[in-house]
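I opened this notebook to record what I looked up, one topic at a time. The entries follow the order in which I went through the model.

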Amino acid sequence: MQSRRSDEADIAASEPALRVIMRRLREIMGEAGDGQSRLDKIVRHVAGVMVAEVCSIYLKRRDGSLELFATEGLNPAAVHTTRLKRAEGLVGRCAELGQPVNEPDAQHHPAFSYRPETGEEVYHSLLAVPIVRSGQVLGVLVIQNHAFREYSDDDLETLQATAMVVAEHLVSGAVANAEADAEISRSLAAVIKGEVLSEGIALGHVVLHEPRIVVTKLTADDPVLELRRLESAINELRSGLDELLGHEHLASDGDHRDVLEAYRMFANDRGWERRLREAVQSGLTADGAVERVQNSSRARMLRNADPYWQERQRDFDDLSDRMLRILAGRTAGANMPLEMPADTVLVARTMGPAELLDYDPAKLRGLIVEDGSAQSHVAVVAKALGIPAIGQAIGVVDHVSPGDAAIIDAETGEVHLRPLPDVISAFSDKVRFRARRQKKYDALRNRKAVTKDGQRVELNINAGLLYDLSHLEESGADGIGLFRTELQFMVSHTFPRLERQAQSYKQVIDAALGKPIVFRALDIGGDKVLPYLRQVKEENPAIGWRAIRMSLDRPGLFRTQVRALLKATAGGELRLMVPMITTAAEMVEVKELFDRELGHIRRKGMPSPERVKLGAMLEVPSLLFELDDLFKTVDFVSIGSNDLMQFMFAADRTNALVASRYDVLAAAPLRALKQVVDSSRRHNVPLTVCGEMAGRPLEALALIGLGVRSISMAPAAVGSVKAMILSLDASEVESELDRLISRGEKNIRKALSRFARKAGIEV
Ligand code: PEP
Ligand code: MG
């Protein structure tokens with residue numbers, strides 16, 4: 001064992017460690033300083049006396065997870081950052097069972113859980129003892145060493161005695177930020193800001209999701225029996241998933257299907273099954289085997305910061321937890337609370353797509369998770385179930401207790417915990433108002449958007465997944481003004497080849513029931529990463545090697561997509577637009593590439609579309625200065641105002657500190673947009689706007705005032721924009737806006753909304 005050079009080690013050589021530690025602990029307790037600094041001193045001292053390279057204290061949180069509170073030897077940055085899920089790893093196991101763990105080769109133990117941020121991979125032996133007070137486990141005290149070593153009974157006794165002192169220290173309330181504080185904060189109203197995963201508003205009561213089963217028996221007495229248990233659990237898992245996928249509350253197709261099918265594929269993976277078998281053959285119980293395979297896969301995947309692999313790990317964790325429940329005789333659904341309230345708001349650190357489906361959808365009002373993103377699989381399933389969901393709600397699990405009232409505002413991305421009566425009544429009003437407003441918009445569904453002075457405005461929706469197509473009919477939109485093809489690439493596990501692409505475009509076309517669709521060529525690169533394509537590290541990805549820039553350098557990608565689109569639209573019309581065009585010459589290049597593919601298909605006599613319209617997205621400001629050249633080369637132009645405005649104002653659209661600093665209704669952008677409208681009229685080339693601004697009634701009003709007659713927006717915005725258009729006189733708005741811009745009005749937004757109010761326009 002590597003020796004630790006310290007005064008304490010010298011003392012240890014001459015006096016029993018237990019006595020030395022106890023004396024020093026008494027001194028530490030008497031010294032000045034806060035609870036945290038005492039814990040820091042304790043770990044430093046214990047490491048020294050016990051000649052351990054590492055000594056750490058983990059304390060238990062209310063949800064059963066363990067937080068690293070103090071360490072000597074592990075990476076200090078991991079303190080208060082590393083959290084082990086309930087029963088995760090050897091430390092979690094020690095807390096869960098309330099028993100010491102003495103492991104000479106911890107890393108090869110089936111329950112070992114790798115945490116790269118701690119830097120603990122170099123330590124082999126581990127001794128962990130629970131910190132217990134009145135029969136309750138408060139945390140875990142751990143020592144670790146480089147060498148493969150079984151700790152002696154004396155070591156164990158010393159560490160246990162130290163743990164008792166630490167327990168005293170904790171219950172005296174000395175550690176300020178532990179449970180006591182959390183307890184207070186859990187009784188107050190709180191708001192947590194997260195990210196919208198699935199839109200809507202929900203009021204209900206918290207149910208905490210607890211997915212894990214603790215494996216108590218790891219080594220097998222009867223390997224043959226364990227193999228049999230494993231086999232029957234795998235069969236039950238697979239048939240359970242088949243049943244789950246057959247739920248009548250899930251639509252028969254849509255993107256959630258792809259997610260669940262991929263999940264089922266995971267369960268049927270031969271490699272996984274083989275690794276489980278091998279683990280059982282090496283002497284583990286079936287449960288121990290699941291835990292080992294899960295932990296070693298997590299170790300591999302965690303080394304990869306790629307969101308794609310993290311998403312895979314979530315699926316995999318979900319699957320392993322499901323297996324453990326089956327092995328423990330708790331069938332899927334049996335881990336659900338017996339009394340699931342009729343207005344359940346599910347709160348979880350993390351949630352797999354299939355886990356969510358275990359809950360009774362009739363009682364599920366909404367979901368809050370600490371991780372997740374809009375593209376995560378659980379978000380796709382939440383949308384398919386039609387429940388609002390919020391992700392990235394950091395710390396939510398620690399802030400709630402089961403039964404707490406909670407409101408999910410998945411319009412703003414906020415979670416209100418234990419809301420005050422006023423807040424509850426405001427949200428109840430909001431829900432009622434939304435329902436009433438929705439009813440009103442539903443009634444407008446079959447009306448065309450025509451202004452009071454007879455100007456027809458085309459209203460389209462933006463979409464990206466097959467699931468979104470259902471909104472086309474619901475919203476009564478004229479068509480799809482922007483189909484973001486990259487989303488299908490992003491949720492796929494492998495690069496979709498020509499046939500698969502063609503098939504999925506065809507599904508979109510079929511689901512649109514004859515309404516027109518503008519497909520957008522792949523806008524990948526930058527922050528839209530495809531897991532199966534090598535990623536280039538860039539300083540400024542938004543203005544980096546993305547979209548058409550990438551496609552022109554790697555024409556294979558673009559050509560495959562064009563062929564797939566030509567195939568899918570055979571006999572009909574293909575409308576395709578190209579993102580991030582920066583010069584008119586680039587558009588000429590794209591057109592040549594496109595024409596080559598079209599020519600190839602026609603020469604071969606393969607089916608092709610009867611009409612083709614090739615357009616450019618205007619989202620890079622340089623194009624504003626060569627509008628004539630641009631309009632001469634395209635069949636249509638669509639303004640991507642999200643990007644155009646971020647580049648025009650040099651303000652990152654994803655950075656809240658600057659994204660809302662500049663107003664799209666200021667004179668500068670409005671003048672620029674007016675030039676584009678005038679140019680499109682001169683060239684008689686159709687123009688549309690498909691950025692977020694088109695979906696906000698006041699901004700849409702301004703666009704119509706500038707002369708825009710076609711806009712595309714999020715499906716949820718169609719109703720309110722249509723109501724605005726029906727109540728508007730376009731020529732009046734045109735002259736008002738013209739007047740405001742030319743007279744140098746400082747606050748056009750305010751002036752315009754005053755005008756709208758006076759004119760009775762619904763904005
Ligand atoms: C835009 O930039 O306005 C746009 C519609 O494209 P995206 O939001 O996909 O970048
Ligand atoms: Mg864009």
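Entry 1, strand register. I began with V347, which stands opposite I368 in β11, and then found that V345 stands opposite G366 of that strand. The model is a predicted one, and I read every entry below with that in mind. The two strands concerned, β10 (residues 344-348) and β11 (residues 364-369), pair in the parallel sense over five bridges. Following the chain from β10, I passed through helix α12 (residues 353-358) before reaching β11, and I noted this β-α-β crossover as right-handed.

Entry 2, the other side of β11. Here I found β12 running parallel to β11, with two bridges joining them, and I368 standing opposite I390 in β12. I also checked how far β11 is covered, and five of its six residues are buried.

Entry 3, the sheet as a whole. I traced an open sheet of eight strands with mixed pairing, in the order β7-β14-β13-β9-β10-β11-β12-β8. Which strands stand at the edges? I noted β7 (190-193) and β8 (195-198) there, and because each has a single partner strand, one side of each is left without a neighbour in the sheet. From one strand to the next, the twist averages 30 degrees.

Entry 4, helices on the sheet. I saw helix α13 (residues 377-385) lying across β8, β11 and β12 (389-391), and its run makes about 55 degrees with β8. Helix α15 also packs on the sheet, where it touches β9 (200-208), β13 (405-410) and β14, and its direction makes about 130 degrees with that of β9.

Entry 5, salt bridges. I counted 43 salt bridges in the structure and looked at a few of them in detail. E231 forms one with R277, the closest N and O atoms being 2.7 Å apart; this pair links distant parts of the chain, since E231 sits in helix α7 (residues 223-245) and R277 in helix α9 (residues 270-281), 46 residues apart. R277 also meets E273 in a salt bridge of 3.1 Å, N to O, and these two residues both lie in helix α9, four residues apart, or about one turn of the helix. On accessibility, I noted E231 as partly exposed at 32% and R277 as partly exposed at 24%, whereas E273 is buried at 13%. I then followed the links further and found E231, R238, R270, E273 and R277 joined in a network of salt bridges.

In helix α15 I looked up D429 and R432, whose side chains meet in a salt bridge at 2.8 Å, N to O. Because they are three residues apart in that helix, about one helical turn separates them. D429 is partly exposed at 42% relative accessibility, and R432 is partly exposed at 48%.

Entry 6, the magnesium ion. Which residues coordinate the magnesium ion (ligand 2)? I found E619 (OE) and D643 (OD), at 2.1 to 2.2 Å. E619 lies in the loop between β19 (611-618) and α22 (627-633), while D643 lies in helix α23 (residues 641-648), so that the pair links distant parts of the chain, 24 residues apart. E619 counts as buried at 2% relative accessibility, and D643 counts as buried at 3%.

Entry 7, backbone angles. Most residues other than glycine have a negative phi. I therefore noted R418, buried with a relative accessible area of 13%, which has a positive phi of about 45 degrees although it is not a glycine.

Note on methods
Residues are numbered from 1 along each chain as its sequence is written. Chains are lettered from A and ligands numbered from 1 in the order in which they are written. This is a predicted model: local features need pLDDT of at least 70, side-chain atom pairs count only at pLDDT 80 or more; totals for chains, interfaces and linings use all residues. Side-chain values use heavy atoms; hydrogens and water are left out. Buried means under 20% relative accessible area, exposed over 50%, partly exposed in between (1.4 Å probe, protein chains only). Donors are N, O and S atoms within 2.8 Å of the metal (3.2 Å for Na, K and Ca); water is not among the atoms, so sites may look incomplete. Two strands pair if DSSP finds at least two bridges between them. Axes are lines fitted to C-alpha atoms, for helices over the stretch in contact, and angles run from 0 to 180 degrees between N-to-C directions. Contact means heavy atoms within 4.5 Å. A crossover is right-handed if, with the strands pointing away from the viewer, the path from the first strand over the helix to the second runs clockwise. A salt bridge is a side-chain nitrogen of Lys or Arg within 4 Å of a carboxyl oxygen of Asp or Glu.
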